[in-house]
Amino acid sequence: MSWPAPDDVLLSTSLATYLDKKLLVLLRDGRKLLGLLRSFDQFGNVSVLSASYMYQFSNVVLEGACERLIVGDLYCDVPLGLYVIRGENVVLIGELDLGKEELPQHMTCVSEAEIRKVNCKPKYLKSASCTLQIPHLSKEVY
């Protein structure tokens, strides 16, 4: 295996260029956080494995952080304040362009209670009125 030369790595491995900028951070559990990057530590590095780059992100601190909840055409920003994110939970970090709209115009901002109500659906429907007919089975499946 050959290691790339420093000139071959075009991507910045430091978050220093993003300090004091608004970022979108996607976490492993699917949450989307927005906020200003105020600090990071030296946990992050770049490893090269089988000629593909594997990044480990730094622990980051977001100021004025909020969690963006999106359900269909509805969205809500839940304020979190100052937020520390452990690097192993980060999937993606990206800068938001403040000159552009963050969301499409058809999206509607609603309260946290409304979006949680819409998002709260039972995993299993157990009522007798909700049945599924499968042609090759003679019984109804609940």
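A nonpolar core is taken here as a set of buried nonpolar residues joined through side-chain atoms within 4.5 Å. In this predicted model, the largest such core has 12 residues in all: Leu15, Leu23, Val25, Leu27, Leu33, Leu37, Val60, Leu62, Ala65, Ile85, Val90 and Ile93. Two or more residues of this core come from each of strand 1 (22–27), strand 2 (32–40), strand 5 (60–71) and strand 7 (90–95). A second core, separate from this one, has 6 residues, among them Leu69, Val71, Cys76 and Ile115. In soluble globular proteins, nonpolar side chains tend to be buried together.

Leu15, a member of the largest core, has contacts with Leu37, Phe40, Ser58, Val60 and Ile93 when neighbours within four places in sequence are left aside. Of these partners, Leu37, Val60 and Ile93 are themselves listed in the largest core.

The protein chain as a whole contains 1 helix and 8 strands. Read from the N terminus, the order of elements is β-β-β-β-β-β-β-β-α, with the helix following the strands. Among contacts in the protein chain with a separation of 6 or more, 57% join residues 24 or more positions apart. Buried residues make up 21% of the 142 residues in the protein chain. The exposed area of the protein chain is about 10,400 Å², and 56% of that area is supplied by carbon and sulfur atoms.

The cysteines were examined for disulfides, which require a pair of sulfur atoms within 2.5 Å. The count was 0. For Cys76, the closest cysteine sulfur is that of Cys109, and no bond is assigned because the distance of 6.2 Å is too far. The two residues also differ in exposure: Cys76 counts as buried because its relative accessibility is 4%, whereas Cys109, at 53% relative accessibility, counts as exposed. Cys76 also belongs to the second nonpolar core.

Confidence in the prediction varies along the protein chain. The mean pLDDT is 75, and 65% of the residues reach 70 or more. Over residues 8–12, pLDDT stays under 50, and the model has 4 contacts for this stretch beyond four places in sequence. Residues 45–53 likewise have pLDDT below 50, with 18 contacts in the model beyond near neighbours in sequence. Where pLDDT is low, the predicted coordinates should not be read in detail.

Notes. Residues are numbered from 1 along each chain as its sequence is written. This is a predicted model: local features need pLDDT of at least 70, side-chain atom pairs count only at pLDDT 80 or more; totals for chains, interfaces and linings use all residues. Side-chain values use heavy atoms; hydrogens and water are left out. Buried means under 20% relative accessible area, exposed over 50%, partly exposed in between (1.4 Å probe, protein chains only). Helices (H or I, at least four residues) and strands (E, at least two) are DSSP runs, numbered from the N terminus. Contact means heavy atoms within 4.5 Å. Accessible areas come from the Shrake-Rupley method with a 1.4 Å probe; for residues, only the protein chains shown count as cover. pLDDT is the predictor's confidence in each residue, from 0 to 100.
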